[in-house]
Amino acid sequence: MEVVHRTKLKEMTTREMTKFSKEHPQSNLLYKRAKNSLFAGVPMNWMTKWAGGFPVFVKQAKGSHFVDVDGLEYVDFCLGDTGAMTGHSPSYSVDAIVEQSHNGLTFMLPTENALWVSEELSRRFGLPYWQFTLTATDANRFALRIARAVTGRNRILVFNWCYHGTVDETFITLRDHRTGLRTGNLGPAVNPSETTRVIEFNDIDALEEALSHEDVACVIAEPVMTNIGIIHPDPGYHDALRTLTRRYGTLLILDETHTICSGPGGYTGKFQLEPDIFTIGKAIASGIPAGAYGLSAKVAEQLARVLSQEETDTSGIGGTLAGNALSIAAMRATLEFVWTEDNFYKMISLATQFAAGVNHIVTERSLAWHVTQLGARVEYLFQPNRPKNGTEAAASWDHELDHFIHLYMLNRGILLTPFHNMALMSPSTSQEDVDFHTKIFQEVVDELTF
Ligand SMILES: Cc1ncc(COP(=O)(O)O)c(C=O)c1O
């Protein structure tokens, strides 16, 4: 088995840091200026996570490429961490956004487009009733409130190392069989062990034990975990999850914000899953802020009984700008023209080739790494086998190597998702983009192993 040379890795990282700094003078200048008015020099705190010491500032983007303020061009496999899975500024969405912009942006009144979108969401994902939000985080927050309200239960259940947005109840981890605050969690109102049970994904016995107390309002889950690396469900796991949640009176919320990369109906549509509540966001409006949640007929009926129409504005669900005309117009264009069968076919085929390119090099070099694919999403992990749960996936994290690979790629015009070695294909991603990644991946592996 080939090993990565650690001393050499440190030297190469220093070399790449110098190269990055030298080749991005304008981004560096803007970053220095930004520190005077933006906290940590960035408009949103996660943007400090990029490799290189400062983020590249974007000048313009179209499709699968963007150009930074230093005039350097990149193939974008991060795509706004899924927010731009449609490719940047797809023409159909831009046209719909421009048209709606001339006709009013937000009214707190419905437009007819909202009906088209909800009918289409029902067709794709199976749930009959829909509501809109501005983010996937909000969709998840509201879904949790609804689940507690209609079941009369307080607790929720999550999978270890899940991520569902900045949702307080979900920031809990399981280490050595003990639950605790997720490291980095800032200012929680209460310790999430008061609100939440956490178990490992793919562990049916633990699931049954956790639900058998009959105090869990809902399980919130990505159908395939994506935020600690891609973790596929074992065969039969989803059947068990559905059977056990029904048996113990617990609702099932499926969060398809990332797993929509599985196909036009997401993982739910592809495998005919039957969530009680479904949530989605990020790319659903081609990058315009929007999210949505769907309710089963039963949950909708139960919600109607407990939601006071008089005091609906203080229910804790909803928001002034949610369901605004602009987001809805962008959602319609995305669903009608961008998230099509043909585009998904193309994206998934490219992802398969991306994975094959990586796999070939990993195998040829006998590296103890592996590559996983979920529809249009591919990821390489620094461990030989597919992880079965969050703990196994977290164990393969190698921050030093991760940082180096991201930086190496960035210095050669490739942007990967900063949180892991994740690449997403958009409808505009091309064969050349994928081949370019394979070429640079070969180069980085050569440097690491010789
Ligand atoms: C599965 C999942 N759900 C929800 C969210 C929250 O999305 P947003 O930050 O756009 O609200 C994320 C963000 O990464 C996510 O990965």
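Strands are DSSP runs of at least two residues, numbered from the N terminus. In this predicted model, strand E11 covers residues 277-280. Ile280 belongs to that strand.

Ile280 is buried, and its relative accessible area is 0%. The cut-off for burial is under 20%. Leaving out residues up to four places away in sequence, Ile280 touches Phe125, Ala136 and Ala139. Glu256, Thr257 and Ile260 are also among its contacts, as are Gly291, Ala292 and Trp339. Between Ile280 and Ala290 the C-alpha to C-alpha distance is 8.8 Å. In sequence these two residues are 10 residues apart.

Ala290 appears again in the surroundings of Ser327. Ser327 is part of helix H10, which covers residues 325-338. With a relative accessible area of 4%, Ser327 is buried. Its side chain reaches the backbone oxygen of Pro289 at 2.8 Å. Pro289 is also listed among the contacts of Ser327 when neighbours within four places in sequence are set aside. The others in that list are Leu134, Ala285, Ile288 and Ala290.

Helix H10 also packs against helix H3, residues 91-101. Two packed helices are described by the angle between their axes and the distance between the axes. For H3 and H10 the angle is about 155°. The axes lie 8 Å apart. Angles over 145 degrees count as roughly antiparallel, and H3 and H10 are therefore roughly antiparallel to each other. The crossing of H3 past H10 is right-handed. On the H3 side, the contact is made by Tyr92, Ser93, Ala96, Ile97, Gln100 and Ser101. H10 contributes Ala325, Leu326, Ala329, Ala330, Ala333, Thr334, Phe337 and Val338.

Helix H11 spans residues 341-364 and has 24 residues. From its first C-alpha to its last, H11 reaches 34 Å. This is close to the 34 Å expected at 1.5 Å a residue. The buried residues of H11 include Asn343, Phe344, Met347, Leu350, Ala351 and Phe354. Ala355, Gly357, Val358, Ile361 and Val362 are buried as well. An α-helix has 3.6 residues a turn, so residues three or four places apart point the same way. H10 is one of the elements that cover the buried residues of H11. The cover also includes strand E13 (370-374), strand E14 (377-381) and strand E16 (422-424). Helix H14 (431-449) takes part too. H11 is followed by Ser366, whose phi is positive, near 50°.

How values were computed
Residues numbered from 1 in each chain as written. Predicted model: local features only at pLDDT ≥ 70, side-chain atom pairs only at ≥ 80, totals over all residues. Heavy atoms only, no water. Helix = DSSP H or I, 4+ residues; strand = E, 2+ residues; numbered from the N terminus. Buried < 20%, exposed > 50% of the residue type's maximum accessible area, 1.4 Å probe, protein only. Polar contact = N/O pair within 3.5 Å; in protein donor to acceptor, adjacent residues only side chain to side chain. Contact = heavy atoms within 4.5 Å. Expected span 1.5 Å × (residues − 1). Axes fitted to C-alpha atoms, helices over the stretch in contact; angles between N-to-C directions. Parallel < 35°, antiparallel > 145°, perpendicular 65-115°, else oblique. Left-handed = near helix turned anticlockwise from the far one by under 90°.
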